[in-house]
Amino acid sequence: MRESFQVKRSISTLGREFFARNPRKVARDLLGRVLVREGSGVRLTARVVEVEAYLGEDDPASHAAPGLTPRNAVMFGPAGFAYVYFIYGAHYCLNVSCGRDGVAAAVLFRAVEPLEGIEEMARARAIEVHGPRDLVRLTAGPGRMAEAFGITRARDNGVDLTSRKRGLWIGDDGFRRGKVMVTPRIGINKAAEWPLRYFLAGNPFVSGRKMA
DNA sequence: ATATCGATTATCT
DNA sequence: GATAATCGATATG
């Protein structure tokens, strides 16, 4: 069977070494990878199209800026683990820890493009998907994609995203990303100019401004 | 298309 | 007691 006839490609996990690097590099290389939720019912998969790097204690915008606390502990630990926080009394957001054990760093997942399990995601979001507009609103934005994947702090904070054991992981399906755009991060007041937001140029599921 | 605003709570000062 | 890595609704051009 020729490659072009293949509909579903197998997905391989990303190893610890992938995440144990500078968060800027991890952020850029995460674009085009696949977020997977499985283990209870239908498998959910979605392509990562927008992320932001958070540099740790020296980054005023990072939750790690005040130093180690119970909330941000995962970011100070080894790379490849889920840091989930709750914000504005309403939304969960998913990050993955990066860099060296003992040094805080993370990448925030801001938007994904749904691949499998769209009906399940819509149910989790409590919205109906009819046109392309609704589809974008399903997973474009950190709070939205977290809700679509049923991510909560109680359930997912501290989960090892390099392992399939807990049913939430990051994989590679062989997709070759196109052009990457870099802009300042969204929704922050401190260090607002730092160019640490990365997204796939032209992808409709990217949230916020789509120009550099 | 851009702007402004309210909701709602875990977390830290 | 103030703040926040957001979202959805409403208002206006």
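**View 1. Ala 191, a buried residue with a positive phi.** In this predicted model, Ala 191 is buried, with a relative accessible area of 16%. That counts as buried because the cut-off is under 20%. Look for Ala 191 in the loop between strand S8 (180–183) and strand S9 (197–200). Its backbone is worth a glance too: phi of Ala 191 is positive, about 50 degrees, although the residue is not a glycine.

**View 2. Strand S9, covered on both faces.** Now follow the chain into S9 and check its side chains. Which residues of S9 are buried on one side, and which on the other? Arg 197 and Phe 199 sit on one side, Tyr 198 and Leu 200 sit on the other, and all of them are buried. Here is the general idea behind that pattern: in a regular strand, side chains alternate between the two faces of the sheet.

**View 3. The strands that pair with S9.** S8 and S9 run antiparallel and are joined by 4 bridges. To find one of the residue pairs, start at Thr 183, whose bridge partner in S9 is Arg 197. S9 also pairs with S3, again in the antiparallel sense, over 3 bridges. In this pairing, look for Glu 50, which stands opposite Phe 199 of S9. You've already met Arg 197 and Phe 199 as buried residues on one side of S9.

**View 4. Helix H4 and its two sides.** H4 covers residues 118–125, and its Met 121, Ala 122 and Arg 125 are buried. Seen down the helix axis, the buried residues of H4 fall within an arc of 100 degrees, so they line one face of the helix. Turn to the other side of H4 and you'll find Glu 119 and Arg 123, which are exposed. As a rule of thumb, an α-helix has 3.6 residues a turn, so residues three or four places apart point the same way.

**View 5. What the buried residues of H4 touch.** Two strands and two helices come into this picture: the buried residues of H4 pack against strand S3 (44–54), strand S6 (106–116), helix H5 (132–139) and helix H6 (142–148). S3 should ring a bell, since it is also a pairing partner of S9.

**View 6. Ala 126, just after H4.** H4 is followed by Ala 126, which lies in the loop between H4 and H5. Is Ala 126 buried or exposed? It is exposed, with a relative accessible area of 69%. Phi of Ala 126 is near 60 degrees, a positive value in a residue other than glycine.

Notes: Residues numbered from 1 in each chain as written. Chains lettered and ligands numbered in written order. Predicted model: local features only at pLDDT ≥ 70, side-chain atom pairs only at ≥ 80, totals over all residues. Heavy atoms only, no water. Buried < 20%, exposed > 50% of the residue type's maximum accessible area, 1.4 Å probe, protein only. Arc of directions from axis to C-beta. Contact = heavy atoms within 4.5 Å. Pairing = 2+ DSSP bridges.
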